[in-house]
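Here is a short walk through one protein. Keep the sequence and the 3D view side by side as you read.

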Amino acid sequence: MSERDHFSKQIDLLVSSSALHGSESLCKLLRYLAKHAMDQPGTPLKEYQIATEVYGRRPDFDPQLDSTIRVQAGRLRGKLAEYYGAEGENDPIFVDLPKGTYVLQFHRRAVG
């Protein structure tokens with residue numbers, strides 16, 4: 001199994017977890033951020049890009065006036081922490097969304 005396959009499998013686990021259950025918008029954001037991180041590693045994402053491509057905001061979207069993306073990213077960070085603090089505590093791959101960025105990171109955990 002390739003590294004990308006492992007990462008995709010971890011995203012599937014997260015999306016089907018109880019932490020993200022019922023939050024379609026956060027799952028959509030997580031999948032988008034994961035695809036971006038795997039397709040374009042290290043390439044920054046802008047709020048505008050997420051707003052228009054994930055949430056269907058209009059081209060005149062202004063991130064200075066609308067905090068939706070920052071709020072959603074904060075909620076996603078909280079859900080990731082919740083997941084890895086409980087049902088995902090032994091997962092071999094840890095997914096992180098560092099504050100101040102929209103670039104998802106994948107970390108392998110030491111086994112044993």
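A residue counts as buried when its relative accessible area is under 20%. V54 has a relative accessible area of 4%, so V54 is buried. Keep that cut-off in mind. One caution belongs here too: this is a predicted model.

Start with the overall plan. The protein has four helices and two strands. Read from the N terminus, the order is α-α-α-α-β-β. The helices come before the strands in that order.

Next comes the overall size. The C-alpha atoms fill a box of roughly 50 × 25 × 20 Å along the principal axes. A compact globule of 112 residues would have a radius of gyration near 13 Å, and the protein has 14 Å, so the two agree. The accessible surface comes to about 6,600 Å². Carbon and sulfur atoms account for 51% of that surface. The protein carries 15 positive and 15 negative charges, and their mean positions are 2 Å apart.

Now look inside. Of the 112 residues, 40% count as buried. In soluble globular proteins, nonpolar side chains tend to be buried together. The largest nonpolar core here holds 33 residues. Within this core, I11, L14, L33, I50, L76, L104 and F106 touch the most other members. Five elements give two or more residues each: α1 (3-15), α2, α3 (47-53), α4 (68-84) and β1 (93-96). Helix α2 gives the most, with nine residues.

Which residues does I50, one of those core members, contact beyond its neighbours within four places in sequence? They are L29, Y32, L33, L45, Y55, I69 and Y102.

Return to V54. This residue sits in the loop between α3 and α4. Leaving out residues up to four places away in sequence, V54 touches K28, L29, Y32 and Q49. Two of these partners, L29 and Y32, are also contacts of I50. R31 is 23 residues from V54 in sequence, and their C-alpha atoms are 9.7 Å apart.

Move to helix α2, which spans residues 24-39. H36 lies in this helix. Is H36 buried or exposed? Its relative accessibility is 7%, so H36 counts as buried. Beyond residues up to four places away in sequence, H36 touches P41, T43, P44 and L45.

A37 is found in α2 as well. With a relative accessible area of 10%, A37 is buried too. Its contacts reach far along the chain. Setting aside neighbours within four places in sequence, A37 is in contact with L104 and F106. V103 is 66 residues from A37 along the chain, yet their C-alpha atoms are separated by 6.3 Å.

Follow that contact to F106, which lies in strand β2 (residues 105-108). F106 has 16% relative accessibility, which is why it counts as buried. Apart from residues up to four places away in sequence, F106 touches F7, I11, A34, A37, M38, I93, F94 and V95. E89 makes a contrast with those partners. F106 and E89 are 17 residues apart along the chain, and their C-alpha atoms are separated by 15 Å.

Step back for a last view. Take the contacts between residues at least 6 apart in sequence. Of these, 47% join residues at least 24 apart.

Conventions
Residues are numbered from 1 along each chain as its sequence is written. This is a predicted model: local features need pLDDT of at least 70, side-chain atom pairs count only at pLDDT 80 or more; totals for chains, interfaces and linings use all residues. Side-chain values use heavy atoms; hydrogens and water are left out. The radius of gyration is taken over C-alpha atoms; the globule rule is 2.2 Å times the number of residues to the power 0.38. Buried means under 20% relative accessible area, exposed over 50%, partly exposed in between (1.4 Å probe, protein chains only). Contact means heavy atoms within 4.5 Å. Accessible areas come from the Shrake-Rupley method with a 1.4 Å probe; for residues, only the protein chains shown count as cover. Lys and Arg count as positive and Asp and Glu as negative; His and the chain ends are not counted. The place of a charge is taken as NZ of Lys, CZ of Arg, CG of Asp or CD of Glu. A nonpolar core is a set of buried Ala, Val, Leu, Ile, Met, Phe, Trp, Tyr and Cys residues joined through side-chain atoms within 4.5 Å.
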